[in-house]
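Trainee: Could you take me through one part of this model up close? I'd like to look at the nonpolar patch on the surface, and then see what else is worth a look.

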Amino acid sequence: MTRKRFAAPQRLLHWLMAVCILAMLFIGVGMVSTVTPKYLTLVQIHKPLGIAILVLVLIRLVLRLIYGSPALPADLPAPIKLGAYLSQYAFYALMFAMPLIGWGMLSAASYPVVLFGSVHLPSILPLSPSLHTLLWHAHFYLAFAFFALILLHVAAILFHALVRRDGVFQTMAPFLSRDETK
Amino acid sequence: MKKFSAAHPEFATFLSWAKSAPWTGSYAEEHYNSLDSFLFVDGSGAAHPIRWSLVPAAQPVPVSPDDLAKRGPDFLEQEITQRVAAGPQRWSLVVTVANPGDPTADPNKAWPADRRTVEVGTLIVQQIEPERDGPCRDINFDPTVLPAGIKTSDDPFPAARSAAYSRSYNSRTAEESYYPRTATGAQQ
């Protein structure tokens, strides 16, 4: 028998990371748009939260390998199925890439990677203006790509939940709907 | 500039200081003052607002602005290079501790001259390196990157400088190829 829903720890991580990642995107845009003391507060949140997301996505990948994922509805058209698989790969790629690029970008500029107080992470790249520029641009443009992917994801899940009503939303829903608890 | 001064009356404080400040012919004879306030955290965790100054060991020799105008465009760089080559130059790092109520959020407001000062170290300059091949070329001087025990205060300027310098660093490093190291520098 295949499972109908993602395992509880998978669902918990999905929603926890959804909040973290959305917060990160807005903090990122906010911090490069201000010269007020809020700038320092936002940067101080951005760095450790990015590393937290990196740790969480590692746990999430392990859970995914252990628990797998519920099968998509059999009647789902092949192009939509392909889109669903590709979007999951894109999400995992971005969740790993964004914190690593950020960490590498700070390393290439020889900035301290401050987690909190005097707890610093080691530098993962040598000082290099060209690497810094490359990674900075990657971080910037991939952030917008990430936001676009989230919008696509939300549109897709609304399509599943409201138009097709095929139970795909329920596989990751944080709670059970009344239909399912019957 | 007039419009700017009118919109920022506190700018006049700087202008009047700049007119009356003693002029010297050497970086080694100058005071360097943080202006910005920072917090020093003691062993018990209590934070003390401070401002720091680098006070030169060299005796300042006043030079009139008219005499300075007659010197070459890079005379300060040339002078400090020759001076340091002849012998290391020293500055004392002096920390001025605020009294309760001293303005820390406005670097434009000086503290009374009787505040407690503590000499906490000595800066010894032993070598002058040209910027182009030097180790500081590709890093950002960010006044909010501070060692353990020193924190930013309610002074908003270090945060503003950090945000602006970060942006300028991104632009500067993106144009690095237009400012290559020299052949001799690259071999180092």
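Mentor: Helix α4 of chain A, residues 129-164, is the biggest contributor to the nonpolar patch, giving five residues. Keep in mind that this is a predicted model. The patch covers about 520 Å², and the residues that make it are I80(A), V154(A), L158(A), F159(A), L162(A) and V163(A). Let's pick one of them and zoom in. V163(A) sits in helix α4 of chain A. Is V163(A) buried or exposed? Its relative accessible area is 57%, and the cut-off for exposed is over 50%, so V163(A) counts as exposed.

Now hop over to chain B. Its secondary structure adds up to six helices and six strands. Reading from the N terminus, the order goes α-α-β-β-β-α-α-β-β-β-α-α. The C-alpha trace of chain B spans about 55 × 40 × 40 Å along its principal axes. Chain B has 188 residues, and 30% of them are buried.

Try the accessibility check again, this time with A18(B), which belongs to helix α2 of chain B. Where V163(A) came out exposed, A18(B) has a relative accessible area of 22%. Buried means under 20% and exposed means over 50%, so A18(B) lands in between and is called partly exposed. You can also use A18(B) to compare sequence with space: A18(B) and S168(B) are 150 residues apart along the sequence, and their C-alpha atoms are 27 Å apart.

Helix α2 of chain B leads us to one more feature, the second largest pocket. How much space lies in this pocket? About 1,400 Å³. The pocket is lined by 40 residues, and those closest to its centre are F14(B), W17(B), N33(B), L35(B) and P107(B). In chain B, the elements giving two or more residues to the lining are α2 (11-20), β1 (32-33), β3 (47-56) and α4 (75-86). Which element gives the largest share? That's α2(B), with five residues. As for the chemistry, the lining divides into 22 nonpolar, eleven polar and seven charged residues.

So here's a path to follow on screen. Begin at V163(A) in helix α4 of chain A, go across to A18(B) in helix α2 of chain B, and finish at the pocket lining, where α2(B) gives five residues.

Note on methods. Residues are numbered from 1 along each chain as its sequence is written. Chains are lettered from A and ligands numbered from 1 in the order in which they are written. This is a predicted model: local features need pLDDT of at least 70, side-chain atom pairs count only at pLDDT 80 or more; totals for chains, interfaces and linings use all residues. Side-chain values use heavy atoms; hydrogens and water are left out. On a 1 Å grid over the protein atoms alone, a cavity is a set of points where a 1.4 Å probe fits but cannot get out, and a pocket is an open set with protein on both sides within 12 Å along at least five of seven lines; lining residues have an atom within 4 Å of a point. Grid points are joined across faces, edges and corners, and a volume is the space filled by probe spheres set on the points. Helices (H or I, at least four residues) and strands (E, at least two) are DSSP runs, numbered from the N terminus. Ala, Val, Leu, Ile, Met, Phe, Trp, Tyr, Cys and Pro count as nonpolar, Asp, Glu, Lys and Arg as charged, and the others, Gly among them, as polar. Patches are made of residues with over 30% relative accessible area and no salt bridge: like charges are joined within 9 Å, nonpolar side chains (Val, Leu, Ile, Met, Phe, Trp, Tyr) within 5 Å. Accessible areas come from the Shrake-Rupley method with a 1.4 Å probe; for residues, only the protein chains shown count as cover. A salt bridge is a side-chain nitrogen of Lys or Arg within 4 Å of a carboxyl oxygen of Asp or Glu. Buried means under 20% relative accessible area, exposed over 50%, partly exposed in between (1.4 Å probe, protein chains only).
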